[in-house]
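Let's walk through this structure together, starting with its annotated segments and moving on to its charged side-chain contacts. Keep the model open as you read.

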Amino acid sequence: MKELWGKKDDKQEEEKKEMKEVENKEETEEEAQKEAEKDGEKKNNNGEEKKRKLGMQNDEVVAVLGHELGHWELCHTLFNLVITELNLLLLFAVFAYFYRQESLFSAFGFDTQPTLIGLMIVFQFVTAPYNQLIGFFMTICSRRMEFAADTYSAELGYAKHLSSGLIKIGKDNLSLPIDDPYYSAYNHSHPPIPERIAALRKYT
């Protein structure tokens, strides 16, 4: 009997130890979950803080909106539409003229005059110098329009906010703040941000 009671006591002690081990594991798992939740909250807060650093404030958004309204008020969209339509009309007129020139096709080694080949020859080779000139002209016009729209927003009283908004847009878009002036004048439809800010300082 004593042996039986001794075995029962040993079993009870083992069961108690197992229960304690299970409880300890559960406690450690709960603590780990709590720590993970805290870390997740910290990461979310850091992500929200980073997101808050990006973007613009309300006054800066209004300043940029004033810039876009300047394009509308100064009829820049209408000007671009008219120039685009006239350019298309001229290109089709050039194509209609050169499309029937046998010498043009023979210069590229064609005995016949297929329409698709004529389209490629005219628009890729014949009009290439003209496309460079009209592209440069449109770039100059676009840059002038950007300065004019900035002036419109500045005259509404948002010069400082537009300057800070342009800086934030440049940061968010990871754009280079400084470019070679000749390269920028030929290739970029928008002036560099430092030039636009320098022009806005007249109104601050």
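Helices here are DSSP runs of H or I with at least four residues, and strands are runs of E with at least two. One thing to keep in mind from the start is that you are looking at a predicted model.

With that definition in hand, turn to residues 78–99, where 95% of the span is helix and 0% is strand. From one end to the other, the C-alpha atoms of this span are 31 Å apart. Now move along to residues 119–140, which are also 95% helix and 0% strand, with 29 Å between the end C-alpha atoms. Why pick out these two spans? An unreviewed UniProt entry lists residues 78–99 and 119–140 under "transmembrane region".

Next come the charged contacts. How many salt bridges does the structure hold? There are 4 salt bridges. Begin with the one between K168 and E60, whose side chains meet at 3.1 Å, N to O. This pair brings together distant parts of the chain, since K168 sits in helix α6 (residues 128–172) and E60 in helix α2 (residues 58–73), 108 residues apart. Are the two partners buried or exposed? K168 has a relative accessible area of 25%, so it counts as partly exposed. E60 has a relative accessible area of 5%, so it counts as buried. The cut-off behind that call is simple: buried means under 20%.

Helix α6 takes part in another contact, this time through R143, whose side chain forms a salt bridge with that of E195 (3.8 Å, N to O). Because E195 belongs to helix α8 (residues 193–200) and R143 to helix α6, the pair ties together parts that are 52 residues apart in sequence. Here, too, the two partners fall into separate classes: E195 is partly exposed, at 35% relative accessible area, while R143 is buried, at 11%.

Right beside E195 in the sequence you will find R196, which forms a salt bridge with E146, their closest N and O atoms lying 3.8 Å apart. Once more the link joins distant parts of the chain, with R196 in helix α8 and E146 in helix α6, 50 residues apart. R196 and E146 are both buried. Which residues make up the network of salt bridges here? E146, D150 and R196 are linked in it.

Terms used: Residues are numbered from 1 along each chain as its sequence is written. This is a predicted model: local features need pLDDT of at least 70, side-chain atom pairs count only at pLDDT 80 or more; totals for chains, interfaces and linings use all residues. Side-chain values use heavy atoms; hydrogens and water are left out. UniProt positions are given in the numbering used here, feature names are shortened, and annotations may be inferred rather than shown by experiment. Buried means under 20% relative accessible area, exposed over 50%, partly exposed in between (1.4 Å probe, protein chains only).
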